[in-house]
Amino acid sequence: MEKKVFVVFTLSCALLLGLAQSFDFHEKDLETEDSLWSLYERWRSHHTVSRDLSEKQKRFNVFKENVKYIHEFNKLDHPYKLKLNKFGDMTNHEFSSTYAGSKVSHHSMLRGRSRAATGFMYENFENVPASIDWRAKGAVNPVKNQGQCGSCWAFSTVVGVEGINQIKTNKLISLSEQELVDCSTENSGCNGGLMDYAYEFIKSNGGLTTEDSYGYTAQDGSCDPSKQNAPMVTIDGHQDVPANNEAALMQAVANQPVSVAIEASGYAFQFYSEGVFAGPCGTQLDHGVAIVGYGNAADGTKYWIVRNSWGADWGEQGYIRMQRGIKASHGLCGIAMQASYPIKTSPNREVVKDEL
């Protein structure tokens, strides 16, 4: 069998804990320097943002440019809108460096032969529906918030496992991202990781415990087996979706939620609010998310339903609809480059304290 070389992007994706509700403003707020200062003060109060007096003028200048950018962007005929959020007085360079770049290993590493199950189990699946939403089918938990920890890879993985478990058992259980952060040693906790490694850990570990049992702390910790005192949701492995193939990705999503990596460091991601996101973005994969469905907008635009982990007050209640079926084979923002999903055929394992 031909040996395959897998390129790994370590995903690091810290975002602010507890993003506040998007902040609305109006044309009159942009008319004068005084009105902009008033808007900035109201924004800071709304988001409980404190700034050192020595850099307040600098922050205001950044805020002013962001407000004008958002206002001008929304006046144009784009398929999506932006809103002023918690990142209102950060430059995009600061945003991307801090939350999608400063802790990301952009250099590629040779992973060697994949430990994913060979093949693509949905290759011959022909009854692909025109649209599907796993939220409506009860297979997706409420949106979570990763906080100031680059653990997006864990949240993406957990969406996949929670989804396939509900599909197979009809039980939607909230599972522990923190167990992955603390115990999946091939990953780097709050400094980034890869969903494939997390799936491998869950299989070798004999399952993943519940969020109630092993709660999220948004920081690195030591692996604590004593917290694994709840039913363990098991998987029997995972498969990689054929790369750069949105048709194959659609086949997979038609059957279960799928983990994907995207580039999420752009200006538009910083302030995305609603609509079908159409870029611009590149393919420097720096963020792990999950596709939980797909559909078609009223104007016929095809989109993926993407679940983020920045809280329910970002985007469309924590989701972003991303354009599907673009000409580039890698998909928008590289969404089709590194997709994977868990396989589940075995029943879950009950853990008793004598096993610990």
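Visitor: Why is Phe 60 called buried?
Guide: Its relative accessible area is 0%, and buried means under 20%, with over 50% called exposed and anything in between partly exposed (1.4 Å probe, protein chains only). So Phe 60 counts as buried.

Visitor: Where do these values come from?
Guide: This is a predicted model, so local features need pLDDT of at least 70, side-chain atom pairs count only at pLDDT 80 or more, and totals for chains, interfaces and linings use all residues. Residues are numbered from 1 along each chain as its sequence is written, and side-chain values use heavy atoms, with hydrogens and water left out.

Visitor: What makes Tyr 40 and Phe 60 a tilted aromatic pair?
Guide: Rings of Phe, Tyr and Trp (its six-membered ring) pair if their centres lie within 6.5 Å; planes under 30 degrees apart are stacked, over 60 edge-to-face, and the rest tilted. Here the centres are 5.8 Å apart and the planes make 55°, so the pair fits the tilted class. Tyr 40 belongs to helix H1 and Phe 60 to helix H2, 20 residues apart. (Helices are DSSP runs of H or I with at least four residues, strands are runs of E with at least two, and both are numbered from the N terminus.)

Visitor: Which label does Tyr 40 get, buried or exposed?
Guide: Buried, as its relative accessible area is 0%.

Visitor: How many aromatic pairs does the ring rule give?
Guide: The count comes to 23. One of them is Trp 37 with Phe 60, with centres 3.9 Å apart and planes at 10°, so that pair is stacked. Trp 37 sits in helix H1 (residues 33-46) and Phe 60 in helix H2 (residues 56-75), 23 residues apart.

Visitor: Why is Trp 37 called partly exposed?
Guide: Its relative accessibility is 23%, which falls between the two cut-offs, so partly exposed is the label.

Visitor: How do you know that Arg 321 lies over the face of Tyr 303?
Guide: A charge sits over a ring if NZ of Lys or CZ of Arg is within 6 Å of the ring centre and within 35 degrees of the ring normal. Arg 321 is 5.2 Å from the ring centre of Tyr 303 and lies over its face. Lys 137 lies over the face of Trp 134 too, at 5.9 Å from the ring centre.

Visitor: What makes the link between Ser 346 and Asp 236 a polar contact?
Guide: The rule asks for a pair of N or O atoms within 3.5 Å; within protein, one must be able to donate a hydrogen and the other to accept it, and residues adjacent in sequence count only if both atoms are side-chain atoms. The side chains of Ser 346 and Asp 236 are joined at 2.6 Å, so the distance passes.
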